[in-house]
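Student: I have a new model open and would like to learn how to read its features one by one. Could you walk me through it?

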Amino acid sequence: MKYYLILSAASLLSFSAMAANDSFRVLMRQPHSYKTFYSNVKLSHLESDSSFDGSYFKIVKGKSNEAISFDEEDEGIRTKAATVYYHLSEARNFWVNQIKSERAESLPKLTIRLEITNQFNELGHYAHDNKTPQYNNALSIPAGETPSWVPADKQDKWGKEIWFRPKKKVLTKDLGPMGPNPLTTSLMAMERPLINYVENQINHRIMREFFFPAYTNRPLHEDIIRYAGTYALMKLFIHGSRYTDNLFLDKYFYLDTAMVPEIASHEYAHLILSDHLEMSHSTPVNEGMADYFAAVQSKKRKVYGKVAGFSNSAPKDTQEKRLYSHWDESNRYATSDFTLSVLWDVRETLGEEIGDRVVYQARKYLKTSTSTISHGLLSAILRACDEVCEVPRRDKIKLYGTFGRKGF
Ligand SMILES: [Zn+2]
């Protein structure tokens, strides 16, 4: 009896220690809205009762290998660790339960680094501290180890990891060329039809001059000046619109990747897809594939929307209506939403369930180093459809139509 009492007192004690830590402040998005809010939630599969160390994720700060403590004094870091832990756990649930990925189920525990500014180095884990520190992004890294010739004190071995970099306000104009702004793009789209129209008008006017001079209201040269004037005005607008960037862009850019819920899903997707799509560098195809699964999980039309105080970057739109151009293949456009919109159209064509299976299966025929959208991705989708579509012949004809409407 005494023994029993002691036992229950001990379990009560350990229970109260856990209870103090079982709910954490986490940032999340409202359902059916882009707004964010904080909620106190329980974290699943925690193995430690004093730090963010669980069965599937260990959250550390910088280059440390110790999990961040629940008693971490910086409240911002505590919230960030809980937020990342929560959204990564959700991402894992999605892959295991909805996509039925065996790889997600068997993936070894991941180390998640917050606030790390070092560049990744394949041979040494971290590049030297002084080598251009990185901000405002996140990346997933493959497992690796230092070669045997590296001195013993610098030997390192690591598993798959996700790195979230700190945010830093940078001047938008320092980010380099961002491409034409939306006003310039829409004016440029009008330019060709306008030239055609002006040409037509001039031709008609000259014809009238010769065949029906009685029907002309003005001398020929006046009309030509009028048409040319319209065209010159248009050119002037296009030129001027290039200087209106600040109507569309904030002066500063900042992105705290750990506090944008969909970025955790995006990085986790890279790890799952990396059995075929290597994580060596960013391409429009491997980013689009990760965006697709982040978008499916978010259940929203636009992903990575602004988070007050943490990110002012523009969201990516699953319904982006642009037509394909060869520029979309350039790695500089890896951050655009064009590939996402192509894959989203596949989902709308085949239905959610088959669409998700086809896109996941398509990774088997993709390679980060060589796959382009127009060749690699489209044929991978069609091959995947052969394997998982209900009626491949019928569904592939539907897909041809979908690709055609995207300008391929
Ligand atoms: Zn990515």
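**Reading a helix by its buried side**

Tutor: Gladly! In helix α12, the residues Asp 395, Leu 399 and Phe 403 are buried. They lie on the same side of α12, because they cover an arc of only 85 degrees around the axis. Please keep in mind that this is a predicted model.

Student: Which exposed residues does the face of α12 turned away from its buried side carry?

Tutor: That face carries Arg 393, Arg 394, Ile 397, Gly 401, Gly 404 and Arg 405, which are exposed.

Student: And what do the buried residues of α12 pack against?

Tutor: Their partners are α9 (338-350) and α11 (373-388).

Student: How do I check the length of a helix such as α12, with its 14 residues?

Tutor: Use 1.5 Å a residue: α12 (residues 392-405) should therefore span 20 Å, and its end C-alpha atoms are 20 Å apart, which agrees. You can repeat the exercise on α2, where 24 residues should span 34 Å and the end C-alpha atoms are 34 Å apart, again in agreement.

Student: What comes after each of these two helices?

Tutor: Look at the backbone angle phi. Just after α2, Lys 100 takes a positive phi of about 55 degrees. α12 is followed by Gly 407, with a positive phi near 95 degrees.

Student: Let's turn to the core. Which residues have the most contacts inside the largest nonpolar core?

Tutor: They are Ile 59, Val 84, Tyr 85, Val 358 and Ile 381, in a core of 73 residues. Helix α2 (residues 75-98) gives the most to this core, with nine residues. The core also draws at least three residues from each of domain 1 (21-167) and domain 3 (255-405).

Student: Take Ile 381 as an example. Which residues is Ile 381 in contact with, leaving aside its neighbours within four places in sequence?

Tutor: Val 346, Val 358, Ala 362 and Leu 399. You have met Leu 399 already, as one of the buried residues of α12.

Student: How should I read a buried glycine, such as Gly 288? Where is Gly 288 placed?

Tutor: Its place is in helix α8 (residues 284-298). To judge burial, count C-beta atoms within 10 Å and compare with the cut-off of 20 or more. Gly 288 has 24 others in that range, so Gly 288 is buried. Leaving aside neighbours within four places in sequence, Gly 288 is in contact with Thr 339, Leu 340 and Leu 343. Try a distance as well: the C-alpha atoms of Gly 288 and Ile 373 are separated by 9.5 Å, although these residues are 85 apart along the chain.

Student: Now the strands, please. How many residues of strand β3 are buried?

Tutor: Four of the five residues in β3 (residues 57-61) are buried, so to speak a mostly covered strand. β3 pairs with strand β4 (residues 110-114) in the parallel sense, over five bridges. In that pairing, Val 60 stands opposite Arg 113 in β4.

Student: And how does β2 look, covered or hardly covered?

Tutor: Strand β2 (residues 36-41) is hardly covered: the count of buried residues among its six residues is zero. β2 pairs with strand β1 (residues 24-29) in the antiparallel sense over six bridges, and Met 28 stands opposite Phe 37 in β2. The two strands form a hairpin with six residues between them, and His 32 in the turn has a positive phi of about 60 degrees.

Student: What should I note about which way side chains point in a strand?

Tutor: In a regular strand, side chains alternate between the two faces of the sheet.

Student: Where do I find Glu 115, and is this residue buried or partly exposed?

Tutor: Glu 115 lies in the loop between β4 and β5 (120-121). Its phi is near 55 degrees, a positive value in a residue other than glycine. Glu 115 has 19 other C-beta atoms within 10 Å, so Glu 115 is partly exposed.

Student: Which loop holds Asn 136?

Tutor: Asn 136 is found in the loop between β6 (125-126) and β7 (138-141). Asn 136 is not a glycine, yet has a positive phi of about 60 degrees. Asn 136 counts as partly exposed because 18 C-beta neighbours lie inside 10 Å.

Student: Finally, how many helices and strands are there in the chain?

Tutor: There are twelve helices and 14 strands. Of the 408 residues of the chain, 31% count as buried.

Conventions: Residues are numbered from 1 along each chain as its sequence is written. This is a predicted model: local features need pLDDT of at least 70, side-chain atom pairs count only at pLDDT 80 or more; totals for chains, interfaces and linings use all residues. A nonpolar core is a set of buried Ala, Val, Leu, Ile, Met, Phe, Trp, Tyr and Cys residues joined through C-beta atoms within 7 Å. A residue is buried if 20 or more other C-beta atoms lie within 10 Å of its own, exposed if 12 or fewer, and partly exposed in between; C-beta atoms are placed from the backbone. Domain bounds come from an automatic or database domain assignment. Two residues are in contact if their C-beta atoms, placed from the backbone, lie within 7 Å. Two strands pair if DSSP finds at least two bridges between them. The expected span of a helix is 1.5 Å times one less than its number of residues. The arc is that of the directions from the helix axis to the C-beta atoms.
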